[in-house]
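Hi everyone, thanks for coming along. Let me put today's structure on the screen, and then we can walk through it together.

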Amino acid sequence: MASTENHTVELNMGLLPLEWLLGTWESDEPGEGCFPSIKPFRYMETLSFSHVGQPVINFMFNAFHAETKKPMHRECGFIRMQPGTNRVAFIIAQNSGLVEIEEGELTAQRLELQSQAVARTSFAKEPHVQQICRVFQLRPDGKLEQTVSMATDNKPPTQHLHIVYCRAF
């Protein structure tokens with residue numbers, strides 16, 4: 001359930017298979033970021049998944065540099081499920097000027113997504129991201145793991161990010 005201004009709202013029945021994602025998750029150890037065209041880095045991240053009773057989950061991802069704590073990457077958007085199926089879609093806007101639609105399948109507590117559409121501002125820095133693959137997995141120890149791979153104009157799909165989160169209470 002979620003709280004709105006004056007009352008508690010039930011999770012839309014179509015989203016029950018994703019109920020395990022709801023809430024706030026924080027990395028307890030730095031995640032690892034790398035890609036052939038950048039210097040490896042470490043980051044901390046907070047994920048927030050919420051709802052207001054509609055057949056959509058709202059999300060916000062906020063990453064910070066592990067050492068300096070300076071803000072880094074931001075993503076926000078919505079998660080939808082195709083009714084009567086295990087098909088899931090993420091609609092994402094990033095602070096880098098990238099927007100995307102990722103679609104995939106939910107199997108138990110594992111969500112595998114691949115970009116179906118990627119768009120960017122006309123002045124986005126190169127090389128341009130062409131594809132993103134993302135996996136969320138709720139581990140048996142109750143931690144949430146995320147792995148992100150991407151392909152650019154000049155690099156094939158390569159792991160870019162890996163991080164593990166604990167549920168924040």
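**A walk through the chain**

Let's begin at one residue, Phe49, which you can find in strand 5, residues 38-50. Before going on, please keep in mind that this is a predicted model.

So, is Phe49 buried or exposed? It has 2% relative accessibility, and the cut-off for buried is under 20%, so Phe49 counts as buried. Who are its contacts? Setting aside residues up to four places away in sequence, Phe49 touches Leu21, Leu22, Gly23, Trp25, Ile57, Asn58, Phe59, Phe61, Ile79 and Phe136. For a sense of distance, take Gly31: Phe49 and Gly31 are 18 residues apart in sequence, and their C-alpha atoms are 19 Å apart in space.

Phe49 also belongs to a bigger group. The largest nonpolar core has 35 residues, and the members that touch the most others are Leu18, Phe49, Ile79, Val88, Phe90 and Leu111. Let's follow Leu111 for a moment. Beyond its neighbours within four places in sequence, Leu111 is in contact with Leu18, Leu21, Val88, Phe90, Glu105, Leu106, Arg134, Val135 and Phe136.

Now please move over to Ala151, in strand 12, which covers residues 144-152. Ala151 has a relative accessible area of 7%, so this residue is buried as well. With residues up to four places away left out, Ala151 touches His128, Val129, Gln130, Gln131, Pro156 and Pro157. Compare that with Arg80, 71 residues from Ala151 along the chain: here the C-alpha atoms are separated by 24 Å.

Let's zoom out to the whole chain. How many helices and how many strands are there? The count is 0 helices and 13 strands, so reading from the N terminus you simply say "β" again and again.

What about overall size? A compact globule of 169 residues would have a radius of gyration near 15 Å, and the chain, at 16 Å, agrees with that. Along the principal axes, the C-alpha atoms fill a box of roughly 45 × 35 × 30 Å.

Of the 169 residues, 38% are buried. Among contacts with a separation of 6 or more, 37% come from residues 24 or more positions apart.

Finally, the outside. About 9,400 Å² of the chain is exposed, with carbon and sulfur atoms supplying 54% of that area. The chain carries 15 positive and 19 negative charges, and the mean positions of the two sets are 6 Å apart.

That's my tour. Thanks for listening!

Terms used. Residues numbered from 1 in each chain as written. Predicted model: local features only at pLDDT ≥ 70, side-chain atom pairs only at ≥ 80, totals over all residues. Heavy atoms only, no water. Core = buried A, V, L, I, M, F, W, Y, C linked by side-chain atoms within 4.5 Å. Buried < 20%, exposed > 50% of the residue type's maximum accessible area, 1.4 Å probe, protein only. Contact = heavy atoms within 4.5 Å. Helix = DSSP H or I, 4+ residues; strand = E, 2+ residues; numbered from the N terminus. Rg over C-alpha atoms; globule rule 2.2 N^0.38 Å. Areas by Shrake-Rupley, 256 points an atom, 1.4 Å probe, with all protein chains shown as cover. Lys, Arg positive; Asp, Glu negative; His and termini not counted. Charge placed at Lys NZ, Arg CZ, Asp CG, Glu CD.
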